[in-house]
Amino acid sequence: MPAAEPYLELEAIEAWLGPRQVFERLTLQLNRGEHTVILGPNGSGKSALIKLLSRELYPVVQRGSWLRIFGSERVNLWELRRRIGLVSADLQASYNPAVAARDVVLSGFFGSVGLGRSQQVTAAMDHRLAELMVQLGLAALQQRPYGQLSDGQRRRLLLARALVHGPELLVLDEPTNGLDLQAKHQLLDALRQLARSGTTLLLVTHQIEAIIPEIGRAVLLKSGQVVGDGPAAEMLSDAPLSALFDTPLRVLSLDGYRQVLPAGRSQAGPAS
């Protein structure tokens with residue numbers, strides 16, 4: 001069995017968001033080629049973990065503690081943006097509603113929010129834009145203002161932005177939040193295709209139904225600590241999830257997807 005190639009290594013990490021300590025001696029390794037979900041309730045530290053990976057958050061420097069990204073403790077931010085694609089609600093809220101959809105995607109080439117006058121779009125960039133817009137069902141929306149798009153269209157647009165460099169890793173922070181059923185299913189289908197194509201996925205969520213069948217590893221995060229880590233089939237079951245969310249839960253599975261019900265509730269719906 002080949003040795004794991006980690007893209008994120010955390011050893012005894014302490015980190016703070018303002019006055020709040022989010023991690024105390026957090027140790028975790030995430031590997032290339034291993035589709036993983038970070039699952040936990042609100043306030044568990046999921047978003048802070050993404051900020052460590054994207055270098056928006058820095059840990060406390062102390063002996064015996066380190067953070068490595070793609071094997072290095074020193075990170076070139078521009079190179080990092082080429083290797084990691086990110087889709088998040090924070091990013092979605094950052095764009096001016098008047099920006100054209102195509103410019104949202106093209107801004108991914110420059111690691112910016114929108115395009116500035118000094119940023120020159122090349123023919124190769126335009127070609128990549130066209131490919132991604134077709135791939136994600138957005139070809140007819142290139143000139144549409146961002147503010148006129150549905151949440152589902154915006155989320156797929158940000159997915160296209162994240163993919164412009166063909167990243168090794170795609171990080172998805174609560175990607176299905178706020179989406180209706182059609183938009184959610186369209187996005188999940190796109191993620192399944194990416195997982196099968198060789199892009200490593202890191203899904204960060206509190207929604208069990210957002211975990212696609214291709215996710216093979218689950219890391220359970222609670223109050224800034226890893227409380228479970230292993231195969232998704234084991235971690236995403238009644239006992240671990242009941243403990244994670246502090247409530248009795250029952251997990252139902254169908255075709256690789258999972259739904260969670262209160263423990264003891266029947267599978268049938270309420271009587272009419």
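**Note on strand 7, the largest pocket and two backbone angles**

1. In strand 7, the residues Thr200, Leu202 and Val204 point one way while Leu201, Leu203 and Thr205 point the other way, and all are buried. The model is a predicted one, and in it strand 7, which spans residues 200-205, is described as mostly covered, with 6 of its 6 residues buried. The side chains of a regular strand alternate between the two faces of the sheet.

2. Strand 7 has strand 3 (residues 36-39) as a pairing partner, and the two run parallel, joined by 4 bridges. Within this pairing, Leu39 stands opposite Thr205 of strand 7. Strand 6 also pairs with strand 7, again in the parallel sense, over 5 bridges, and here Leu170 is the residue that stands opposite Leu201.

3. The connection from strand 6 to strand 7 deserves a look in the viewer, since strand 6, helix 7 (residues 181-197) and strand 7 together make a right-handed β-α-β unit.

4. Strand 6 (169-173) also takes part in the largest pocket, as one of the elements that each supply at least two residues of its lining; the others are helix 1 (46-54), helix 2 (77-83), strand 5 (84-87), helix 3 (89-94) and helix 6 (151-162). Helix 1 gives the most to this lining, with 5 residues.

5. The volume of the largest pocket comes to about 710 Å³. It is lined by 29 residues, and those closest to its centre are Ser54, Glu56, Leu86, Leu91 and Arg161. Sorted by class, the lining holds 12 nonpolar, 9 polar and 8 charged residues.

6. Two residues other than glycine may be worth checking for their backbone angles. Ala12 has a positive phi, near 50°, and its place is in strand 1 (residues 6-17). Is Ala12 buried or exposed? Ala12 counts as buried because its relative accessibility is 3%, where the cut-off for buried is under 20%.

7. The second of these residues is Asp255, whose phi is likewise positive, near 55°. Asp255 is found in the loop between strand 10 (249-254) and strand 11 (257-262). With a relative accessible area of 68%, Asp255 is exposed, the cut-off for that class being over 50%. Put side by side, the two positive phi values belong to a buried residue in the case of Ala12 and to an exposed residue in the case of Asp255.

Note on methods: Residues numbered from 1 in each chain as written. Predicted model: local features only at pLDDT ≥ 70, side-chain atom pairs only at ≥ 80, totals over all residues. Heavy atoms only, no water. 1 Å grid on protein atoms, 1.4 Å probe; cavity = no way out; pocket = protein on both sides within 12 Å on 5 of 7 lines; lining within 4 Å. Points joined across faces, edges and corners; volume = space filled by probe spheres on them. Nonpolar A, V, L, I, M, F, W, Y, C, P; charged D, E, K, R; others polar. Buried < 20%, exposed > 50% of the residue type's maximum accessible area, 1.4 Å probe, protein only. Pairing = 2+ DSSP bridges. Right-handed = clockwise from strand over helix to strand, strands pointing away.
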